[in-house]
Amino acid sequence: MPSKTTTTKTVKSQKDISVSEFFEKNRQILGFDSPVKSLLMGVKEAVDNSLDACEEARILPDILVEISKMDQKEYKVTIEDNGPGIPSAAMPNVFGRLLHGSRFHAVRQSRGQQGIGISATVMCAQITTGKPATARSKVKSAEAAKEIDIIIDTKKNTPVILREEYIPWNEKESGTRITFYMSGRYITGKQSIYEYLRQTAIVNPHASLTFIDPDGHKYIFERATNELPPQSKEIKPHPDGIELGTLMNMVNASSEKSLIKFLQNDFSRISERVAKEICSAAGITETTRLSTMDLEKCKQLQDGIGKVKIMAPQSDCLSPIGENLIRKGLKHVLSDIKPEYYAPPITRDPKSHSGNPFLVEVGIVYGGGLPSDQQVQILRFANRVPLLYQQGACAITKAIEATDWRRYGLEQRGGTGIPYGPAIILVHIASTKIPFTSEAKEAVSAIPQIQEEITLALKACGRSLRTHLNKKERKKKTRAKFEIVQVIIPLMAEKTANVLGKPIPDLRGTITKIMNVVWIDESITYDKGKHRAKITIYNYTPKNQKFKLHTVLPKEGTSLISYSLNPSEVKDDIKLTWDLPRIASTEIFEISFELNGLDKEAYEEMDIYVSNINPVDVMGADPLPGDWDLQGVNFTEVDMVPDVEISEEEDEEPDYDETEEDLYDE
Ligand SMILES: Nc1ncnc2c1ncn2[C@@H]1O[C@H](COP(=O)(O)OP(=O)(O)OP(=O)(O)O)[C@@H](O)[C@H]1O
């Protein structure tokens, strides 16, 4: 039995630990675990805050990041924005108190979640160099900016202000600047500050970012669009997948008296009818007093929620980048690589994990200057923030590894793992709460609902890549044959005619017999806001041809202004069908049309399909897919069918391209 004195000692040694004291000793949890990472984390926390603040205040962000070297280990880091600024009275807590922020309790998409980021940066800077941070901020109505030198009393988790004064900051209507000194190591390459800013520019094409590195080099990532991302609204939790503990906390914190009112008013997407259904499925009466909801009843309620069909989360609490801006951002920042193909990006509909709405977006870039002998580059983003560390632990990487990329034209031994090929795969997860694997916010947890959504989006984007590659391959082969036939046969005819002293015969019939194909060529040109699309049909078969031609226009903002031939049918405003007139053997027929109001990049390649003709006879267009009626609306639903184990040679869906090619080759 322990003596009385020992017990008293043990009791006396029990103490509260302040949150900052805890994180001071466990900096690695926040991502400040190495000199290289610490520097990056400091920049990231401040830039993420600037972007969040600008987005909330509907300001197009202009952000400056400057790093200068003080000595072998110490760097001075400054981040300045043109955001709304921070009210003077709030500045000490924002920069000098951990777990103090405006976003933790809000069910809304934002980069910052926990209220730790910037104060943890101030704390790590102070621990490693002993120097205070300097923060300056001005709100729109103020005449001057407030500037403070600040450190954190980590024992108490409270700010200590060493200097404070008001200074004119006339060049800024509003904004914030933070300067800190931190021990660190500055690197270039894949996990560098430059790379973080470059990737930030891709998914935030509305931001202008300027970076001055320790050697004084200045890099400017210019704004690619003046369109601010849609403002994400704050919502109530979605009931789908809500965890028991969260449900109990909500019950305890609710101001509602009855169960039915609690369901209706404290959750999103629960109407009176749905609330009644949930109560009945849970076997609890609607009027049950909330104060009587104990663990057992909460469990019943959770089961009841699981049994009732509830509308998907609304999307206005999320701020997806959108197809257009993903393409724009990628093009803007990757222009020096000049990729050959940008697969139309996919934005999935919102779903929910543990009551938190989320959605997944995927873009794939292929070819051009990208290396073909290496693993594809993966760009991971969560709420528009690049994730540079912990790639292997992230749900995004796991979903990419589990996808069979051989189906989509990339190399992958055994059909699993990161594929090889000249491609970049971009994945963005937007959520009111990203389930990170740690406070450092470096990787997303492999939650099944999230992983499934990523997989579906990857497959949909992969299909576009495959269509492009098939088309390219087929065209290459046919063009080569075409060129040979068109050059060699006339030369042979000319020589033979000379030798025999006879006139050179008309070769069109002969060439037609050899080619024996309807060759469909397309071109898209862009000038002064207009796209001009041309489809040319060469009948290089010995017989007349009469068939239907179909094409899908880009979804966003399409407006057709003229046709050379009116389509016989237009579906969903974007699917055009032409019933072509009879095209005689060796004849050429042309269709053209003009589109207005699209970005140049939004329409660079045409999807052309044919029907009422044997696809074997056609080059340059695919047979009309059986789901033409669905296509363009939701092509991805094909993947709702569970995946079947396939052998190396098999593909998941009937692949018209290959069938056609194989038959043709035969
Ligand atoms: N540049 C800024 N402009 C305006 N407000 C800011 C700025 N930086 C920080 N804030 C305010 O200070 C709060 C605390 O920021 P902090 O970085 O500590 O946490 P956070 O961004 O909310 O969450 P996280 O810890 O996940 O980054 C923010 O929630 C925001 O309200």
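Where is the place of Asn612? Asn612 sits in the loop between β22 (607-611) and β23 (618-619). The close-ups below come from a predicted model.

**View 1. Asn612, a loop residue with positive phi.** The loop joins β22 (607-611) to β23 (618-619). Phi of Asn612 is near 65°. That is a positive value, and the residue is not glycine. Buried or exposed, by its C-beta count? Asn612 is exposed, because 12 other C-beta atoms lie within 10 Å and the class takes in counts of 12 or fewer.

**View 2. Asn157, a buried loop residue.** Asn157 lies in the loop between β4 (145-153) and β5 (158-167). Its phi is near 55°. Here too the value is positive in a residue other than glycine. Asn157 has 22 C-beta neighbours inside 10 Å, so it counts as buried. The cut-off for that class is 20 or more.

**View 3. The open sheet of five strands.** The strand order is β19-β20-β17-β22-β24. Pairing in the sheet is mixed. Which strands stand at the edges? They are β19 (569-571) and β24 (622-623). Each has a single partner strand, so one side of each is left without a neighbour in the sheet.

**View 4. The pairing of β19 with β20.** Strand β20 covers residues 575-579. It pairs with β19 in the antiparallel sense. Three bridges link the two strands. In one bridge, Val570 has Leu576 of β20 as its partner.

**View 5. Helix α3 crossing helix α5.** Helix α3 spans residues 35-56, and helix α5 spans residues 117-129. Their axes come within 9 Å. They cross at roughly 145°. The crossing is left-handed. From α3, the contact uses Ser38, Met41, Gly42, Glu45, Ala46, Asp48 and Asn49. From α5, it uses Gly117, Ile118, Thr121, Cys124 and Ala125. How do the residues of this contact divide? Five are nonpolar, five are polar and two are charged.

**View 6. Residues 313-481, a domain listed by UniProt.** The unreviewed UniProt entry lists this stretch as "domain: DNA topoisomerase VI subunit B transducer". Over residues 313-481, the chain is 31% helix and 23% strand. The end C-alpha atoms of the stretch are 54 Å apart.

Notes. Residues numbered from 1 in each chain as written. Predicted model: local features only at pLDDT ≥ 70, side-chain atom pairs only at ≥ 80, totals over all residues. Axes fitted to C-alpha atoms, helices over the stretch in contact; angles between N-to-C directions. Helix = DSSP H or I, 4+ residues; strand = E, 2+ residues; numbered from the N terminus. Left-handed = near helix turned anticlockwise from the far one by under 90°. Contact = placed C-beta atoms within 7 Å. Nonpolar A, V, L, I, M, F, W, Y, C, P; charged D, E, K, R; others polar. Pairing = 2+ DSSP bridges. UniProt positions renumbered as here; feature names shortened; annotations may be inferred.
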